[in-house]
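Hi,

Here is the structure I promised to pass on. Have a look at it first, and my notes follow underneath.

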Amino acid sequence: MFLKPIYLRSALLLCGVTLLSACDRKAAEQSETMVIEGKTMGTFYRVSLAGVDKSREAALREQIEAQLKEDDHQLSTYKEDSVLSRFNQYQGSVPQPISAGMADAIVTSMRIGMLTSGAMDITVGPLVNLWGFGPDKQPIKTPTPDQIAAARKLTGLQHLKVIQQSDGQYLQKDLPGMYVDLSTVGEGYATDHLARLIEGNGISNYLVSVGGAVVSRGHNAKGNPWQVAIQKPTDKETAVQAIVDLQGMGISTSGSYRNYYELDGKRLSHIIDPATGSPITHKLVSATVIAPTALEADGWDTGLMVLGTHKALALAEKQHLAVYLITKEGDTFKSYMSPQFKAYLKDPE
């Protein structure tokens with residue numbers, strides 16, 4: 001798995017933590033809609049298919065489970081024999097072979113990292129582990145400035161390189177202790193793969209989700225576009241904040257309100273700011289991004305969460321991103337969106 005289930009930002013997706021299909025629950029009761037769901041990578045997956053014969057369910061489930069198992073084998077930081085874990089354990093600088101999919105995830109993440117001025121940083125693993133949001137146990141005391149500084153010395157996208165050669169793709173690091181953590185894009189990575197798998201089976205009307213990342217195509221069983229609800233970012237409510245029609249795009253939400261723990265009297269978010277080496281503390285509690293792929297959306301939402309409201313909106317304007325932000329101010333929530341996002345709203349605010 002990518003993250004511990006108790007911390008996973010979207011482990012309670014179907015209970016309304018970040019993204020939830022607003023329409024496919026009723027449709028699922030109809031014979032025209034097939035729903036295949038289960039657990040994967042410390043979170044939940046859900047595949048809703050319209051107009052697919054029931055006789056195909058067992059074969060499709062087998063393919064879906066196999067794909068998710070392979071994705072976990074590629075990106076997991078919890079399994080010592082995963083491709084990523086073996087790379088993190090390796091202490092040399094010789095380029096290590098990786099899959100084309102993993103190379104794409106890393107290149108996409110590095111590009112977003114550059115565009116966010118380092119706010120999205122997949123090399124932040126040593127800090128994630130230091131604060132207890134990786135495979136390591138929670139610290140019993142707040143990490144000291146010296147511990148944070150030492151972990152920060154092991155980070156930096158400039159120390160990581162993806163190499164494309166005629167015989168495949170390779171990943172190289174020039175810091176022996178570098179620890180790459182792809183949990184920030186893992187859900188989008190897996191969601192895109194499931195979408196390709198479904199299309200490869202000749203199915204054109206579907207909605208798939210892994211954790212907080214969603215992709216849809218076509219229409220539901222009633223002939224209407226699939227819709228996704230953005231939930232209010234709170235532990236106590238499941239109220240809908242907004243509903244969007246994805247129009248064939250991918251969507252992902254990152255939030256600081258579920259994946260946290262308390263230490264020394266402070267509530268610590270799982271989202272680490274690479275610039276400070278500590279969990280974010282600003283008022284932005286949820287960032288939703290719509291992009292051509294779930295992988296891209298999953299990468300952008302984390303970077304925007306680190307930046308905070310004002311910088312995130314400024315970057316969204318510069319990069320023409322479809323972004324929906326929610327801040328918590330006292331006991332109330334305020335939402336902000338880019339013009340591009342408004343075009344996807346079912347009922348524009």
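To start with a question: with which side chain does the side chain of His193 make a polar contact? The partner is the side chain of Asp71, at 2.8 Å. Please keep in mind that this is a predicted model.

His193 sits in helix α7. With a relative accessible area of 14%, His193 counts as buried, because the cut-off for that is under 20%. Setting aside neighbours within four places in sequence, the contacts of His193 are Gln67 and Asp71.

Next, the nonpolar interior. The largest nonpolar core has 41 residues, and those touching the most other members are Met102, Ile106, Ile122, Leu160, Val180 and Leu182. Among the elements that give two or more residues to this core are α4 (100-115), α7 (183-200), β16 (284-291) and β17 (322-329). A second, separate core holds 22 residues, including Leu49, Ile64, Leu197 and Val210. In soluble globular proteins, nonpolar side chains tend to be buried together.

Ile122 is a good place to zoom in. If residues up to four places away in sequence are not counted, Ile122 touches Ile106, Leu160, Val180 and Leu182, among others. Its list of contacts also includes Ser109, Asp181 and Thr184.

A word on confidence: the mean pLDDT of the protein chain is 85, and 83% of its residues reach 70 or more. Over residues 1-31, however, the pLDDT is below 50, although this stretch has 124 contacts in the model beyond near neighbours in sequence.

Best wishes

Key. Residues numbered from 1 in each chain as written. Predicted model: local features only at pLDDT ≥ 70, side-chain atom pairs only at ≥ 80, totals over all residues. Heavy atoms only, no water. Core = buried A, V, L, I, M, F, W, Y, C linked by side-chain atoms within 4.5 Å. Buried < 20%, exposed > 50% of the residue type's maximum accessible area, 1.4 Å probe, protein only. Helix = DSSP H or I, 4+ residues; strand = E, 2+ residues; numbered from the N terminus. Contact = heavy atoms within 4.5 Å. Polar contact = N/O pair within 3.5 Å; in protein donor to acceptor, adjacent residues only side chain to side chain. pLDDT = per-residue confidence, 0-100.
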